[in-house]
Amino acid sequence: MLNIALVGCGRIAKRHSELLGANCIQDAKLIAVCDQNIDKAKKIATTYNVPYYDDMDIMMNKENVDVVVVLTESGNHANHVVNLAKYGKHIIVEKPMALTLEDADTMIKACDRAGVKLFVVKQNRFNVPVVKLREALEAGRFGKLVLGTVRVRWCRMQDYYEQASWRGTWAMDGGVLTNQASHHVDMLEWMLGDVESVFAKSTTALVDIEAEDTAVVVLKFRNGALGIIEATTATRPKDLEGSISILGEKGSVEIAGFAVNQMKTWMFTEPEEDDTEVMERYSVNPPNVYGFGHHAYYEHVVDCIKHDKQHLVDGLEGRRSIELINAIYESVETGKEVRMRFMPKYCRLGR
Ligand SMILES: NC(=O)c1ccc[n+]([C@@H]2O[C@H](COP(=O)([O-])OP(=O)(O)OC[C@H]3O[C@@H](n4cnc5c(N)ncnc54)[C@H](O)[C@@H]3O)[C@@H](O)[C@H]2O)c1
């Protein structure tokens, strides 16, 4: 049984605590929570009958923790992960793992030195239709890859950004690309491979925040495929779509829904026996845009720790989309195509 503690008891802690606190994950349980706002920690602790703290160091020293989960503001992830690494316990950090490449590298080094695993939460990779798409890709069913598109059309009004002062700021959050669409950026790169160059435009259309609420990105991949990212939180009046489509010379797959949850198209020039069932069997209806992925994600983490397996999104894998997002912002700032790999000069994220 893995003893899991949470640092940060805000919005996303609800999802983590309801899985771990209600014993939904085999061989893992919630044993303590911490938030610098003690009332928030107390609320979750009372629901699941676990101790609560307002200081992560006191919690780590007092409790018998096997895995600690960092659910604080994105711009704080690096400081908190580096601080926690000294306790020699495995660490899960919510997406995005960091805002800058320097922070991502510091986190990876700190965890390596401490001999602990660093897991980055990318729960959408575990969505049922996404797993099926990845299987088809790995089996080579698409042939030459031609075009990949991800689209996030969600609704975040001004009151969402006003819930906490870090939201939408360059120093602590970034905009739709870094926050809401970071899953989709990650997924596109996971499916199509290394990026050769990006060109992007963004705008802050409907809310008063520092970073963007809307962006479009054109990508060229090293394998010759092209890509499009369309991301906005300025969809009104409600969430509309979170989707991915992959087109290749021998087939096309579209996963739609508002949380990359519904198989919409599954067609190949060389059909296989179970293709006819795929549309029905590989769709789910989650209650919100977080999807069901956190459940499968935790099962994966427990499996990796118990059997010392390589995990799907470790620090180095998490770093890839941080580099890509920084390159996208660099293109926005300079108005130029940015070639990968690269080091940021003008991008404001995390600064
Ligand atoms: N995987 C997903 O789908 C998903 C969804 C939502 C949010 N997130 C990510 O989760 C992170 C948190 O987002 P949120 O919406 O829950 O934010 P939030 O503002 O609601 O919660 C953050 C909490 O961290 C606490 N905190 C900050 N510093 C602390 C410290 N030193 N010690 C203890 N607690 C501390 C704050 O008091 C706050 O309660 C972000 O990185 C966000 O991108 C991921």
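A polar contact here means a pair of N or O atoms within 3.5 Å of each other. In this predicted model, one such pair links the ligand to arginine 167: an oxygen atom of the ligand is 3.0 Å from an N or O atom in that residue's side chain. With the cut-off at 3.5 Å, the 3.0 Å pair at arginine 167 counts as a polar contact.

Two further pairs can be picked out. Histidine 183 also uses its side chain, placing a polar atom 3.1 Å from an oxygen atom of the ligand. Lysine 95, on the other hand, takes part through its backbone, where a polar atom is 2.9 Å from a ligand oxygen. So how much of the ligand does the protein bury? On its own the ligand would expose 860 Å², and the protein buries 92% of that.

As for where all this happens, the ligand sits in the largest pocket. Two elements give two or more residues each to the shell around the ligand, namely α1 (11-21) and α4 (77-85). The ligand is surrounded by 25 residues, and the closest of them are Asp35, Lys40, Ser74, Glu94 and Gln123. Sorted by class, the shell is quite a mixture: 10 residues are polar, eight are nonpolar and seven are charged.

Zooming out, the protein chain folds into 11 helices and 14 strands. Its radius of gyration is 20 Å, close to the 20 Å that the globule rule gives for 351 residues, so the chain is as compact as a globular protein of that length. Laid along its principal axes, the C-alpha trace spans about 60 × 50 × 45 Å.

A few spots in the backbone deserve a look as well. Lysine 95, already met as a ligand contact through its backbone, is joined to proline 96 by a cis peptide bond, with omega near -20 degrees. Proline 96 belongs to the loop between β5 (90-93) and α5 (101-114). Another cis peptide bond runs from arginine 236 to proline 237, and there omega is about 5 degrees. In this case the proline lies in the loop between β10 (226-232) and β11 (241-248).

Finally, which residue other than glycine has a positive phi, near 55 degrees? That is asparagine 23, found in the loop that runs between α1 and β2 (28-34). The helix before that loop, α1, is one of the elements named above for giving residues to the ligand's shell.

Conventions
Residues are numbered from 1 along each chain as its sequence is written. This is a predicted model: local features need pLDDT of at least 70, side-chain atom pairs count only at pLDDT 80 or more; totals for chains, interfaces and linings use all residues. Side-chain values use heavy atoms; hydrogens and water are left out. A residue is near a molecule or strand if one of its heavy atoms lies within 4 Å of it. A polar contact is a pair of N or O atoms within 3.5 Å; within protein, one must be able to donate a hydrogen and the other to accept it, and residues adjacent in sequence count only if both atoms are side-chain atoms. Accessible areas come from the Shrake-Rupley method with a 1.4 Å probe; for residues, only the protein chains shown count as cover. On a 1 Å grid over the protein atoms alone, a cavity is a set of points where a 1.4 Å probe fits but cannot get out, and a pocket is an open set with protein on both sides within 12 Å along at least five of seven lines; lining residues have an atom within 4 Å of a point. A molecule sits in a cavity or pocket if more than half of its atoms lie within 2 Å of its grid points. Helices (H or I, at least four residues) and strands (E, at least two) are DSSP runs, numbered from the N terminus. Ala, Val, Leu, Ile, Met, Phe, Trp, Tyr, Cys and Pro count as nonpolar, Asp, Glu, Lys and Arg as charged, and the others, Gly among them, as polar. The radius of gyration is taken over C-alpha atoms; the globule rule is 2.2 Å times the number of residues to the power 0.38.
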